Amino acid sequence: MSRSPRNARPVVIAGGGIGGLACALGLAQRGFRVTVLEQAQEFGELGAGIQLGPNAFHVFDALGVGGLVKRDAVFIERLLMMDGVSGEEVISIPIDAGFRRRFGNPYAVIHRADIHGALLEGCRAIPAVELRTRAKVTGFDRDNRGVSVALEGGERIAAAALVGADGLYSKVRARIVGDGDPPASGHMCYRAVLPAGDMPKALRWAAATLWAAPNTHIVHYPLRGWKLFNLVATVVRDAAMGGHNEEAAPEEVLPLFAKNCALPMRLMRTPTVFRRWMLRFRPPVPNWTDGPVTLLGDAAHPMLQYMAQGACMALEDAMCLAVATDEADGDFAAAFERYQSLRLVRTARVQLSAIMLGHLFHADGVARLVRNEIYRARTPASYHQALDWIYSAPEYVVTANPKAASRRDAAAKRTAPAKRRPAARAATRKAPAQRRAGAKRR
Ligand SMILES: Cc1cc2nc3c(=O)[nH]c(=O)nc-3n(C[C@H](O)[C@H](O)[C@H](O)COP(=O)(O)OP(=O)(O)OC[C@H]3O[C@@H](n4cnc5c(N)ncnc54)[C@H](O)[C@@H]3O)c2cc1C
């Protein structure tokens, strides 16, 4: 960026995960100076897969990295739910050309490192983004010009604002919300990434597949040009058990999934070792902002992964925060208040929906049969309709990327009388470059 930045002190972002980097990119593209502080030795992501809905791709497009992310993604054809006990198909949602047309972007599965790499590349291309590793945020204090951010080792950074994108155990959240460490949910994940050649041939499906069985579910899908398969098997266990990426032997894992039929068990017997993760969860809170300090992603609204939306929500947060900051012309306290008010209900709805979905996945006895009957009766169109609230771009993403408006929205705009929508209002405000010229430097 050649022009001078809109803020004299940087916006500090604690955490260089998917949410933190997306936020840095969104702010820098709007003329703000940003410093990302990452505690790890290097920027990077876990070696595992992730599912991305069209709502994530709308954000990638708005950030200018949609092409890069799509280059590495696998575009599966269906979202499948199988009954793990009987082996029968319960749900099959086509994510075909009709789905892409409806939502304006595809659904895909991808290696986490590929998303993170694309965002990092975007950040590195903008001089207004300073990227620091081995920089652990330990706390902050407000001052009359912004925030003084404390790092491990005693260094302090004078910032215009602070965004806590520091994940589940957020130090920034500890100061704003103060609700302690996230409680263990009792839901234990066993993860593995398999070379495609090791994947049972009968399961090499172009789908994100979920085998639902009493108290457990198993998810698998292809990755990296079909060279790998991602496997995540979850069981509800004792919440007091630990689990943070330790090795777990098949002898520990297999008995827990024994209610599944032969085909998913063939897959479960394939890895020679799993990685064990205890899932952590917090219920939604009504506030995660304090003046020019706010949270995003897992720091703000950690969720069980059953909607496959945690990273997608962190990306939407990042876009919303960047757009709100732009529109508030660098008044960070006002921008963060607006950002939170736009994001609160949507993210809480995903958090709560994920819990409910977990109950459906893990249903036993007659409840399991009722679940199957209800889902089998649904048509693909009704599934697409039911997913509309989540996969369609919210207004602030459309503001940043007008192409993200779904066909439904576009049709509504064409037929609507003169009623003005928020995105239209935003579009009629002064362009960022115009505002930048008159902006007060903070
Ligand atoms: C098994 C599983 C499967 C999932 N599947 C999906 C899926 O399919 N689709 C989906 O959208 N989501 C999925 N998720 C959720 C997703 O992984 C998270 O929601 C997402 O990674 C959150 O991103 P984030 O940037 O908010 O936090 P994080 O990814 O946790 O990043 C936080 C970063 O902050 C750094 N950090 C932490 N503390 C400090 C500090 N004090 N100072 C400086 N740096 C710090 C960390 O090192 C890290 O780099 C899944 C989660 C799990 C557990």
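This report walks through a predicted model of a protein with a bound ligand.

## Overall build

Let's start with the big picture. The protein contains 16 helices and 19 strands. Its radius of gyration is 22 Å, which agrees with the value near 22 Å that a compact globule of 442 residues would have. If you're setting up a box, the C-alpha atoms fill roughly 65 × 60 × 35 Å along the principal axes.

Buried residues account for 48% of the 442. Take the contacts between residues at least 6 apart in sequence: 76% of those join residues at least 24 apart.

## How far to trust it

The average pLDDT is 91, and 91% of the residues score at least 70. Residues 418-440 are another matter, with a pLDDT below 50. That stretch still has 20 contacts in the model beyond near neighbours in sequence. Where pLDDT is low, though, the predicted coordinates should not be read in detail.

## Around the ligand

Now for the ligand. A shell of 33 residues surrounds it, and the closest are Gly15, Gly17, Gly167, Gly297 and Gly310. Sorted by class, the shell splits into 16 nonpolar, 12 polar and 5 charged residues.

Which elements each supply at least two residues of this shell? They are two helices, α1 (18-29) and α9 (310-327), and two strands, β3 (49-52) and β17 (274-280). Of these, α9 gives the most, with 4 residues.

## A six-stranded sheet

One open sheet has 6 strands with mixed pairing, in the order β7-β2-β1-β11-β19-β18. Its edges are β7 (129-132) and β18 (289-290); each has a single partner strand, so one side of each is left without a neighbour in the sheet.

At the β18 edge, the partner is β19 (residues 293-295), which runs antiparallel to β18 and is joined to it by 2 bridges. Zooming in on that pair, Thr289 has Thr294 in β19 as its bridge partner.

## A buried helix

Is helix α2 (residues 54-62) largely enclosed or left open? Enclosed: 9 of its 9 residues are buried, so the rest of the structure largely surrounds α2. The buried set mixes residue types, with Phe57, Val59 and Phe60 among them, but also Asn55, His58 and Asp61. Pro54, Ala56 and Ala62 are buried too.

After α2 comes Gly64, which has a positive phi, near 80°.

Notes:
Residues are numbered from 1 along each chain as its sequence is written. This is a predicted model: local features need pLDDT of at least 70, side-chain atom pairs count only at pLDDT 80 or more; totals for chains, interfaces and linings use all residues. A residue is near a molecule or strand if its C-beta atom, placed from the backbone, lies within 6 Å of it. Ala, Val, Leu, Ile, Met, Phe, Trp, Tyr, Cys and Pro count as nonpolar, Asp, Glu, Lys and Arg as charged, and the others, Gly among them, as polar. The radius of gyration is taken over C-alpha atoms; the globule rule is 2.2 Å times the number of residues to the power 0.38. A residue is buried if 20 or more other C-beta atoms lie within 10 Å of its own, exposed if 12 or fewer, and partly exposed in between; C-beta atoms are placed from the backbone. Two residues are in contact if their C-beta atoms, placed from the backbone, lie within 7 Å. pLDDT is the predictor's confidence in each residue, from 0 to 100. Two strands pair if DSSP finds at least two bridges between them.
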